[in-house]
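Biologist: I've got this one open on my screen and would like to go through it with you. Can you take me through the reasoning behind the labels?

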Amino acid sequence: MGRRTVVSGGGTGIGAAIAEVFAKAGDEVLILGRRAEVLEGTAKRLNDAGGHVTWHAADLTDPEQVAEAAELAGDTDVLVNNAGGNLAATPAASLTETRDQWLTNLSGNVLPVVLPTQALLPRLRRPGGRIITISSIAAFRGAASYGAAKAALHPWSIELADRLAPEGVTVNVIAPGFVPDTEFYRERGTPEFFAGRAAAVPAGRGGTPAEIAALVAHLASAEAGFLTGQVIGVNGGAWPGTK
Ligand SMILES: NC(=O)c1ccc[n+]([C@@H]2O[C@H](COP(=O)([O-])OP(=O)(O)OC[C@H]3O[C@@H](n4cnc5c(N)ncnc54)[C@H](OP(=O)(O)O)[C@@H]3O)[C@@H](O)[C@H]2O)c1
């Protein structure tokens, strides 16, 4: 049996691809998310393929639910903070709506990273533990409150990397570009929208969840022990500032 890995938002999209890559490597994987039926389906699919995947439903913005999930996770080698999303993608029509959008995106993207990390930190393997957080290209070039919320994770991660480096724990951030095969775009994800987004990427296409997962796997590997405190883009060349 390999490592014990926790993947937040592991039921869908990028998180499910991350869970798959660790399950295929022989890790014990715990996937977290709010929807039990989604997590159960993903765990079943990965276990049918020979994985060792368990699941637990929790809203990771809630301290009590995070504490329960961390208790269940126990000793952990790799924590992948992937849960999040743009919870306010349309322009606000009023000051109240603006306030609500900012609070929603800040709490929905910062708390599911900061709370599980704090809760699991005492149980993270030393030396050799890994914390990998999924941010976004939006942290560098837009998307209003969503981009700002993701950007908040960068200095937080760098400070944590600095603090944990002497203990042999690495902390890194991946900032994906456009990854269409996810639930991220929801009702915005029409064929025309996806075609426009793909055309704006220098590589001429969106990335796949597996392409993000491959970098997560590398950052989690023993070979990546000197790689810490970094924010790494995976975006088909849409970097920096290109549209
Ligand atoms: N797709 C892209 O183009 C793209 C680009 C850059 C960055 N990202 C980032 O990549 C990460 C993964 O997103 P995705 O693209 O794979 O979209 P996704 O399919 O919507 O995945 C997001 C996952 O996070 C879970 N989640 C969200 N809030 C949660 C909470 N409070 N507590 C527990 N689980 C929560 C969701 O499950 P439940 O709804 O069941 O809780 C879902 O499984 C996100 O952080 C996103 O911001 C995506």
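Modeller: Sure. Sorted by class, the shell around the ligand holds eleven nonpolar, twelve polar and six charged residues. Keep in mind that this is a predicted model.

Biologist: Which residues of that shell come nearest to the ligand?

Modeller: Out of 29 residues around the ligand, the nearest are Thr 12, Arg 34, Arg 35, Tyr 146 and Lys 150.

Biologist: What makes the pair between Tyr 185 and the ligand a polar contact?

Modeller: The cut-off is 3.5 Å between N or O atoms. A polar side-chain atom of Tyr 185 sits 2.8 Å from a ligand oxygen, so the pair counts as a polar contact. A polar backbone atom of Ile 14 is also 2.8 Å from an oxygen atom of the ligand. For Gly 9, a backbone N or O atom lies 3.4 Å from a ligand oxygen, so that pair is within the 3.5 Å limit too.

Biologist: How much of the ligand does the protein bury?

Modeller: The ligand taken alone exposes 870 Å², and the protein buries 96% of that. Two elements, α1 (13-24) and α6 (144-164), each give two or more residues to the shell.

Biologist: Why is Asn 82 called buried?

Modeller: Buried means under 20% relative accessible area. Asn 82 has 11% relative accessibility, so Asn 82 counts as buried. You'll find Asn 82 in the loop between β4 (78-81) and α4 (95-120). Leaving out residues up to four places away in sequence, Asn 82 touches Ser 8, Gly 9, Ile 14, Gly 15, Ile 18 and Ile 134.

Biologist: And Thr 42, is that buried or exposed?

Modeller: Buried: Thr 42 comes in at 7% relative accessibility, and the limit is under 20%. Thr 42 is placed in helix α2. With residues up to four places away in sequence not counted, Thr 42 touches Gly 10, Gly 11, Ala 16 and Ile 31.

Biologist: What makes Gly 50 exposed, then?

Modeller: Exposed means over 50%, and Gly 50 has a relative accessible area of 53%, so the label fits. Gly 50 lies in the loop between α2 (36-48) and β3 (52-57). Its C-alpha atom is separated by 37 Å from that of Ala 152, with the two residues 102 apart along the chain.

Biologist: What is the confidence like along the protein chain?

Modeller: The average pLDDT is 96, and 98% of the residues score at least 70. Among the elements, helix α5 (residues 138-141) has the lowest mean, 93, while strand β5 (residues 130-134) has the highest, 99.

Methods: Residues numbered from 1 in each chain as written. Predicted model: local features only at pLDDT ≥ 70, side-chain atom pairs only at ≥ 80, totals over all residues. Heavy atoms only, no water. Near = heavy atom within 4 Å. Polar contact = N/O pair within 3.5 Å; in protein donor to acceptor, adjacent residues only side chain to side chain. Areas by Shrake-Rupley, 256 points an atom, 1.4 Å probe, with all protein chains shown as cover. Helix = DSSP H or I, 4+ residues; strand = E, 2+ residues; numbered from the N terminus. Nonpolar A, V, L, I, M, F, W, Y, C, P; charged D, E, K, R; others polar. pLDDT = per-residue confidence, 0-100. Buried < 20%, exposed > 50% of the residue type's maximum accessible area, 1.4 Å probe, protein only. Contact = heavy atoms within 4.5 Å.
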